[in-house]
Amino acid sequence: MRIESRAPTRIDLAGGTLDIWPLYLFHEGAVTVNCAITRYASCVIETAPETSRRIVLVSRDTRRRESFASLEALNRARHYKLPLLAHLVRFFRPSAALTLTTNSEAPAGAGIGGSSAMAVAICAALNQLVSAGLRR
């Protein structure tokens with residue numbers, strides 16, 4: 001099985017990060033205005049044969065990769081090269097062996113919501129894989 005998802009990044013027009021805790025506590029009535037742009041974060045999940053239990057995480061844009069013998073091995077790991085990917089896989093707990101590959105068109109640290117968009121793309125793909133039934 002192959003599942004693909006993507007999410008747009010965004011630019012802030014006003015308010016910046018005032019929607020993030022605890023900053024909004026210091027600015028009563030603050031408003032954040034942003035819009036999506038055509039720079040995407042994407043995720044592809046490919047399941048492996050039923051005889052495998054291996055979980056492989058790949059980030060194309062950061063050129064990082066890590067592999068775990070099973071979901072249990074991923075859960076036991078103390079540190080991750082790709083923590084966002086690993087923690088989201090842990091949350092969704094897929095039963096199938098898989099390779100999860102991400103890519104971001106937004107440069108890391110650009111401040112255009114690349115990691116948030118990545119989390120949305122990964123969650124959408126894992127949600128479909130495990131049939132969690134989560135909605136937007």
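# Sheet, helices and charged pairs

Me: In this predicted model, in which sense, parallel or antiparallel, do strand 2 (residues 33-47) and strand 5 (residues 98-104) pair?
Reply: The strands of a sheet pair through backbone hydrogen bonds, and either sense is possible. Strand 2 and strand 5 are joined over seven bridges, and the sense of their pairing is antiparallel.

Me: Which residue of strand 5 does valine 44 stand opposite?
Reply: Strand 2, which covers residues 33-47, pairs with strand 5, which covers residues 98-104. Across from valine 44, the residue in strand 5 is threonine 101.

Me: Which strands are the edge strands of the sheet?
Reply: The sheet is open and has five strands in the order 1-2-5-3-4, with mixed pairing. An edge strand here pairs on one side only, and this holds for strand 1 (2-14) and strand 4 (64-68).

Me: By what angle are neighbouring strands of this sheet turned against each other on average?
Reply: The sheet follows the order 1-2-5-3-4, and the angle is an average over its neighbouring strands. With direction ignored, that average comes to 15°.

Me: Which helix packs on the sheet by touching strand 3 and strand 5?
Reply: Strand 3 covers residues 55-59, and the direction of the helix in question makes about 145° with that of this strand. The helix, made of residues 83-92, is helix 2.

Me: At about what angle does helix 3 (residues 114-130) run to strand 1?
Reply: Helix 3 lies across strand 1, strand 2 and strand 5, and its buried residues, among them Ala117, Ala121 and Leu129, are covered by parts that include those strands and helix 2. Relative to strand 1, helix 3 runs at about 150°.

Me: What span should the 17 residues of helix 3 have?
Reply: The expected span is 1.5 Å times one less than the number of residues. The end C-alpha atoms of helix 3 are 24 Å apart, and this agrees with the expected 24 Å.

Me: Why is the sulfur of cysteine 43 not in a bond with that of cysteine 123?
Reply: A disulfide needs two cysteine sulfur atoms within 2.5 Å, and a search of the whole structure finds zero disulfides. Cysteine 43 is buried, at 1% relative accessibility. The sulfur of cysteine 123 is the closest cysteine sulfur to that of cysteine 43, yet it is too far for a bond because the separation is 9.3 Å.

Me: How many residues apart in sequence are the parts that arginine 2 and glutamate 46 tie together?
Reply: The side chains of arginine 2 and glutamate 46 meet in a salt bridge at 2.9 Å, N to O. Arginine 2 lies in strand 1 and glutamate 46 in strand 2, so the parts tied together are apart in sequence by 44 residues.

Me: Is arginine 53, which meets glutamate 72 in a salt bridge, buried or exposed?
Reply: Arginine 53 and glutamate 72 meet at 2.3 Å, N to O, and the pair links the loop between strand 2 and strand 3 to helix 1 (residues 71-76). Glutamate 72 is partly exposed at 39%. The relative accessibility of arginine 53 is 52%, and the cut-off for this class is over 50%, so arginine 53 counts as exposed.

Conventions: Residues are numbered from 1 along each chain as its sequence is written. This is a predicted model: local features need pLDDT of at least 70, side-chain atom pairs count only at pLDDT 80 or more; totals for chains, interfaces and linings use all residues. Side-chain values use heavy atoms; hydrogens and water are left out. Two strands pair if DSSP finds at least two bridges between them. Helices (H or I, at least four residues) and strands (E, at least two) are DSSP runs, numbered from the N terminus. Axes are lines fitted to C-alpha atoms, for helices over the stretch in contact, and angles run from 0 to 180 degrees between N-to-C directions. Contact means heavy atoms within 4.5 Å. Buried means under 20% relative accessible area, exposed over 50%, partly exposed in between (1.4 Å probe, protein chains only). A salt bridge is a side-chain nitrogen of Lys or Arg within 4 Å of a carboxyl oxygen of Asp or Glu.
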